[in-house]
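Subject: Structure handover

Hello,

Here is the structure I said I would pass on. Please open it first, then read the notes underneath.

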Amino acid sequence: MGSSDSPSDNTNLFLQIVEHPDGTITRPFVPFSPPNSNPPVLSKDIPLNPSHDTYLRLYLPSAAVSENQKLPVVLFFHGGGFVLFSPSAVFYHGFCEAMAASIPALIISASYRLAPENRLPSAYEDAVEALSWVQSQAMDTASADPWLQTHGDFSNFFLMGSSSGGNIAYHASLRAMSKDLMPVQLCGVILNQPYFGGVERTVSEAASENDPMLPLRANDTLWRLALPVGSNRDHAFANPVKDGLDGVVGMVKCMVIGCKGDPLFDRQKLFAEMLEKEGVDVTKRLDGTGSHAIELFMPEKAEALFKEVKAFVYGA
């Protein structure tokens, strides 16, 4: 985890995406971190679907090993506007390491196919595949990954995502409602600054033209690259509240985290309110200040987030 402030406009990774006439893109270089075999948090990669080149990065606090401890299991989806990054991106690797130790929990950070090569709903399909993998581990403990077999508490399982990963976690939770996940018990969904959009600008979006983290032109570009061809930002993948939330009745408890200063704040606030109106048990944490993805660049903000997640997971 770095200690610097949010990146300046001239280093913004989203603005460094190069689009080509044939519809392909060139992504900016992002440093990556390999799995770590040293305390205080161990990590390793496990293939998910080789045909899609997807994988899972598992994080286990070494203290759980020495104490033979069972931990909550959190399936996490990284951000990047559906277009950039992976679990090995240096800032998301550091974030998951720190979160695993702080909660503590066994974190599974899932990769997913990126747009525009694989537009939505590809990422949602990969999320459901990751969810099915977790269920397979719980159903056949004899052949399960030893970390999950020994230290995973499948009765205390959560979906979580940041930014576009929050969008993915939400849509994965809707798909999970039609699945029998037993013996896995989905206890809650954690949406950290979830990435939603819409054609009509909100006040916070309209003020974000020069936002250092998610400027308006980058925001529009990411949706154009991620949504199905021919769709606009009012598609249900981007704007689930446009015509009223569909299919959320019976959804497990949900925590929505946002902060003033994030261009997406207005949409996150409206989304949380709409969930409540549909009868979902919502924990709202929308009173902070900062920027989009601030927890990746300011350790004190990350620790504040981890404190909220811990309370939600452990029911404090």
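A residue counts as buried when its relative accessible area is under 20%. The model is a predicted one, and that cut-off is applied to Val313 first.

Val313 has a relative accessible area of 6%, so Val313 is buried. It sits in helix α9, which covers residues 299-314. Leaving out residues up to four places away in sequence, Val313 touches Pro72, Asn156, Phe158 and Ile190. Ile103 lies 210 residues from Val313 in sequence, yet the two C-alpha atoms are 8.3 Å apart in space.

Next, helix α3. This helix runs over residues 122-139 and has 18 residues. From its first C-alpha to its last it reaches 26 Å, close to the 26 Å expected at 1.5 Å a residue. Of the 18 residues in α3, 13 are buried, so the helix is largely enclosed by the rest of the structure.

Last, the cysteines. A disulfide is a covalent bond between the sulfur atoms of two cysteines. The count here is 0 disulfides. Why does Cys96 have no bond to the closest cysteine sulfur? That sulfur is in Cys254, 18 Å from the sulfur of Cys96, which is too far for a bond. Cys96 is also buried, at 0% relative accessibility. Cys187 is in no disulfide either, and its nearest cysteine sulfur, again that of Cys254, is 14 Å away. With 25% relative accessibility, Cys187 counts as partly exposed.

Regards

Conventions: Residues are numbered from 1 along each chain as its sequence is written. This is a predicted model: local features need pLDDT of at least 70, side-chain atom pairs count only at pLDDT 80 or more; totals for chains, interfaces and linings use all residues. Side-chain values use heavy atoms; hydrogens and water are left out. A disulfide is a pair of cysteine sulfur atoms within 2.5 Å. Buried means under 20% relative accessible area, exposed over 50%, partly exposed in between (1.4 Å probe, protein chains only). Helices (H or I, at least four residues) and strands (E, at least two) are DSSP runs, numbered from the N terminus. The expected span of a helix is 1.5 Å times one less than its number of residues. Contact means heavy atoms within 4.5 Å.
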